[in-house]
Amino acid sequence: MADYAYPEEKTALHELIQKREFQAALKIFERTYSDATDFARLQGRNFRVTKTTEPRLYYLCGIAAKRLNYSGDFPIYMDLSYQVLPRIYGTDDKCAVVLSSTCLEELTNLELTAMLGSVISHIQYGHVKYLNMGNVAEELFLNIPFVGGAASMTVKALLLQWREYAEFTADRGAAIAAGDAQGVFGYLSKAMGASKALHNWQKGNGTKSVKTMSKAELLVFQLLAEEFPVPFGIRRLETLQEWLHANPHCLNR
């Protein structure tokens, strides 16, 4: 596959995995959360996405995988919930994706393809295990007797920094999969509850910077960035936009 990873991601991960506290937490995580497929099935409301049960989603996932040169396979389940953001359970070699029924109702085909591209990017680059570790970091560190408060805070800060870079990478993959950066912004802004008026980012000549947004727009983005554990607002949009301007060929379908 073409390497579209955010440059600082690998360095941040290398620094993280050097910490003995992180390695101890990783061992606990792998023992507890390794069986992702069974975990997804335990959620009784879920059903498996197949070509028969959800042909639209199945088709769009195939498009995203092809554009990202992804040849692997992972189970996708649907549940009846209102969360637009996908959930990826397990570890990278054994993971399951759970999507909400709201995705099919709220997202356009372009936005769904971007969302699936983001999921595939996380799997391709080996993010799944560490993203899920971040979700349960507090619980993991409580089970490690030699980890003090300062040490655990340092590791959690490093994990959060890497996670930010991992999302920058996934945003790039989402844009490649959709063939249109507007699909990425539309999907993320709907997932975060932003006004539909803000879905026009990156339209036209694609040169609008968030620096030129109105005070109302900036306020919305700043609020989102504070409420979402991985920055969604100004930095995330600007980072993707700058990369696309430098690599316009990435949107060739």
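# A tour of the sheet, the rings and a helix crossing

Start with the sheet: four strands make up an open sheet, ordered S1-S2-S4-S3, with mixed pairing. Keep in mind that this is a predicted model.

**Stop 1: the sheet edges.** Select residues 47-48, strand S1, and residues 87-91, strand S3. These are the edge strands, and each pairs on one side only. Now add strand S2, residues 76-79. S1 and S2 run antiparallel and are joined by two bridges. Show Phe47 next; opposite it, in S2, stands Met78.

**Stop 2: a charge over a ring.** Select Arg48 and Tyr77. The charged end of Arg48 sits over the ring of Tyr77. Its distance from the ring centre is 5.9 Å.

**Stop 3: the aromatic pairs.** How many aromatic pairs does a search of the whole structure find? The search finds seven. One of them is Tyr6 with Phe168, an edge-to-face pair. Their centres are 4.9 Å apart, with 65° between the planes. Tyr6 lies in the segment before helix H1 (8-17), while Phe168 belongs to helix H9 (residues 149-178), so this pair ties together parts 162 residues apart in sequence.

Are these two residues buried or exposed? Tyr6 is buried, at 13% relative accessible area. Phe168 is buried too, at 2% relative accessibility. Add Tyr165 to the selection: Tyr6, Tyr165 and Phe168 form one aromatic cluster.

**Stop 4: a tilted pair.** Move to Phe22 and Tyr130. Their ring centres lie 5.8 Å apart. The planes meet at 35°, between the limits of 30 degrees for stacked and 60 for edge-to-face, so the pair is tilted. Phe22 is in helix H2 (residues 20-33) and Tyr130 in helix H7 (residues 128-135). The pair links distant parts of the chain, 108 residues apart. Phe22 is buried, with a relative accessible area of 1%. Tyr130 is also buried, at 12%.

**Stop 5: two packed helices.** Two numbers describe such a packing: the angle between the helix axes and the distance between them. Select helix H6 (residues 109-124) and helix H10 (residues 181-191). They pack at an angle of about 85°, with their axes 8 Å apart. The angle falls in the 65 to 115 degree range, so H6 is roughly perpendicular to H10.

Which residues make the contact? Show the side from H6: Leu110, Glu111, Ala114, Met115 and Ser118. Then show the side from H10: Gly183, Val184, Gly186, Tyr187 and Lys190.

Key
Residues numbered from 1 in each chain as written. Predicted model: local features only at pLDDT ≥ 70, side-chain atom pairs only at ≥ 80, totals over all residues. Heavy atoms only, no water. Phe/Tyr/Trp six-rings, centres within 6.5 Å; stacked < 30°, edge-to-face > 60°. Buried < 20%, exposed > 50% of the residue type's maximum accessible area, 1.4 Å probe, protein only. Lys NZ or Arg CZ within 6 Å of the ring centre and 35° of its normal. Pairing = 2+ DSSP bridges. Axes fitted to C-alpha atoms, helices over the stretch in contact; angles between N-to-C directions. Parallel < 35°, antiparallel > 145°, perpendicular 65-115°, else oblique. Contact = heavy atoms within 4.5 Å.
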